[in-house]
Amino acid sequence: MNLTNRINIFGLEDIPLVKKGDNIPKLLLESLNKRGLSILDGDIIVIAQSLISKSNGRTRNLNEITPSEKALELYKKISSKSKIQGLPIKDPNLIQAILDESKEIIKEEHVLITETKHGFVCADAGIDKSNVEGKETISLLPENPDQDAENIRKEIKRQTFKDVGVIISDSFGRPFRIGSVGIAIGVSGINPVLDKRGEKDLFGYELQTTMIGQVDSLASAAQIVMGEADEGIPAVLIRGYKFEFNVDAKIDSIIRNKEIDLFREPISEKLIKLLKNRRSYKLSFENKRVNRNIIEECIEVARWAPNAHNRQQWRYIIIENNDLRIKLINKMNRKLKNDLEKDGKSQEFIEAKIKKTKNNFVNAPVMILLCLDKLELEKYPDEERLQNEFILGIQSISASATYLLLAFEIKKLAACWYCAPLFAKNIINQTLNLPDSYVPMAFFTVGYPLSNVQAPPRKELQKIIFEPKI
Ligand SMILES: Cc1cc2nc3c(=O)[nH]c(=O)nc-3n(C[C@H](O)[C@H](O)[C@H](O)COP(=O)(O)O)c2cc1C
């Protein structure tokens, strides 16, 4: 057995309030000195993240943060959940700080469960409002806690000639269990995980899977001495725990690989859900502007669709919500009325159809016209190949349109593809003064949804996979 049956934990008191630039190893050694303790080889020093963050200047003033649209949106979502539970409401500036520190928001409840840029999954990106002076000051996790731990370990070695393990700790809540516990967010000199696979258990059976999260256990033990908030013991010395000294140890070896993490939805499943959840949204949109840069980001994605000869035959025109759009829709509706009258439809039917079209196209926050640029089509001497080339163009722009709709879905925008431009090509070209080579093909209305849309049924698989009987 590598584990000892007795360890001692000494709280390092008398560490003054730390400011940016303070020398942490010096403060630790002074505190040890005051307690009459000297460092021994194999000691472990656990230091609270707040100490490191403050000395690194990793704090922010909430008043100096401007929330983005995403932060405001999250604020709306999570504040209602907090209210229901009677919990404190996070302001949008704090939400912005959380977003700035995160790679991914995993859950949006009264709390935000995020994956930090280091890969830690925790509440609110590990941002702390306690243990920092100033009501509006928050402390962020250190940018590179392993590096901080290494700097401290090396400085202790330089001053004492002793090899120690250093752990930077924080307290994280846990899924499935109540109560936060100490965990390690940075290490030096000590492996995060003690691999006991291959060793024998009490009955002589070989351990197949046992990996001990030793630095988290040590951080948790340390936390009992450190306390959570006001105890003023931001570091401890652990003596008596036997571990293999390793200068190459890194905290990321304790982070479970996403592919084997049973609690994360694999990206492949997320993608399939996204593909199936996309709906044509034909209802009223929220009265909210859609930033042009979001639309451009989606069109940027649509550029990556497969397309014949890589000629990228698509052209996108973003039609602002202004007089020109109204003029265009009115002209298109006049033609629609004519066409329907020729079809012998009743005035009632025609009026309802025109009203619906006007509503759809005039009220959408964004409308996009997709054209096929004939200049991108290959030239052939015969009619058949010219015709096929035109079809290839249509197939290509359709692939791009599909990418566009999926990009909107990712951005939580609702959209619908309309074929109306096909029936008013000349009107569109003239009104928008488009190049002659542009063939209007589709409109997309885009905005934030107000309601959910039920999925229309799909044909059974057996009905769309045709087995030729040969
Ligand atoms: C080429 C094409 C043209 C379409 N034109 C219209 C249209 O003019 N009006 C409309 O309401 N929906 C239109 N749609 C949307 C379809 O009605 C919708 O995709 C279909 O009912 C399946 O629903 P879903 O997209 O929610 O899966 C069009 C879709 C495509 C691909």
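Here is a short tour of this structure, stop by stop, for you to follow in your viewer.

**Before you click**

You're looking at a predicted model, where local features need pLDDT of at least 70, side-chain atom pairs count only at pLDDT 80 or more, and totals for chains, interfaces and linings use all residues. Residues are numbered from 1 along each chain as its sequence is written.

**Stop 1: the two domains**

Select residues 8-260 and colour them as domain 1, then give 277-447 another colour as domain 2. These bounds come from an automatic or database domain assignment. How many Å separate the centres of domain 1 and domain 2? Taken over C-alpha atoms, the answer is 52 Å.

**Stop 2: around the ligand**

Now pick the ligand and show what surrounds it: Arg279, Ser280, Lys282, Cys416, Trp417, Tyr418, Cys419, Ala420 and Pro456. A residue makes this list if its C-beta atom, placed from the backbone, lies within 6 Å of the ligand. Sorted by character, the shell has 6 nonpolar residues, 1 polar and 2 charged. (Ala, Val, Leu, Ile, Met, Phe, Trp, Tyr, Cys and Pro count as nonpolar, Asp, Glu, Lys and Arg as charged, and the others, Gly among them, as polar.)

**Stop 3: helices that pack**

Time for some helices. Helices here are DSSP runs of H or I with at least four residues, strands are runs of E with at least two, and both are numbered from the N terminus. Two packed helices are described by the angle between their axes and the distance between the axes. The axes are lines fitted to C-alpha atoms, for helices over the stretch in contact, and the angles run from 0 to 180 degrees between N-to-C directions.

Start with helix H1 (residues 24-34) and H5, which pack at about 55° with their axes 9 Å apart. That makes H1 oblique to H5. For the wording: under 35 degrees is roughly parallel, over 145 roughly antiparallel, 65 to 115 roughly perpendicular, and the rest oblique. The H1 and H5 crossing is right-handed; that's the name when the near helix is turned clockwise from the far one by less than a right angle, while anticlockwise would be left-handed.

Next, select H3 (residues 69-85) and H4 (residues 92-100). Their axes are 9 Å apart and the angle is about 120°, so this pair is oblique as well. H3 and H4 also cross in a right-handed way.

Then move to H9 (residues 323-342) and H12 (residues 425-432), whose axes come within 10 Å and cross at roughly 155°. How do H9 and H12 run relative to each other? They are roughly antiparallel, and their crossing is right-handed.

**Stop 4: two unusual backbones**

Most residues other than glycine have a negative phi, and most peptide bonds are trans. Click on phenylalanine 161, which isn't a glycine but has a positive phi of about 65°. You'll find Phe161 in the loop between helix H5 (145-160) and strand S8 (165-174). Is Phe161 buried or exposed? Phe161 is exposed, with 9 other C-beta atoms within 10 Å. (Buried takes 20 or more other C-beta atoms within 10 Å of the residue's own, exposed 12 or fewer, and partly exposed is in between; C-beta atoms are placed from the backbone.)

Lysine 412 has a positive phi too, about 60°, and isn't a glycine either. Look for Lys412 in the loop between helix H11 (383-410) and strand S16 (414-418). With 11 other C-beta atoms within 10 Å, Lys412 is exposed.

**Stop 5: more loop residues**

Select asparagine 56, in the loop between helix H2 (49-55) and strand S3 (59-61). Asn56 counts as buried, with 21 C-beta neighbours inside 10 Å. Draw a C-alpha line from Asn56 to valine 46: they are 10 residues apart along the chain and 17 Å apart in space.

Glutamine 313 is in the loop between helix H8 (292-302) and strand S14 (314-319). Gln313 is buried, with 26 C-beta neighbours inside 10 Å. How far is Gln313 from cysteine 371? They are 58 residues apart in sequence and 8.3 Å apart, C-alpha to C-alpha.

Finish at lysine 258, in the loop between strand S13 (245-246) and helix H7 (267-277). Lys258 is exposed, with 12 other C-beta atoms within 10 Å. The C-alpha atoms of Lys258 and glycine 119 are 9.9 Å apart, with their positions 139 residues apart along the chain.
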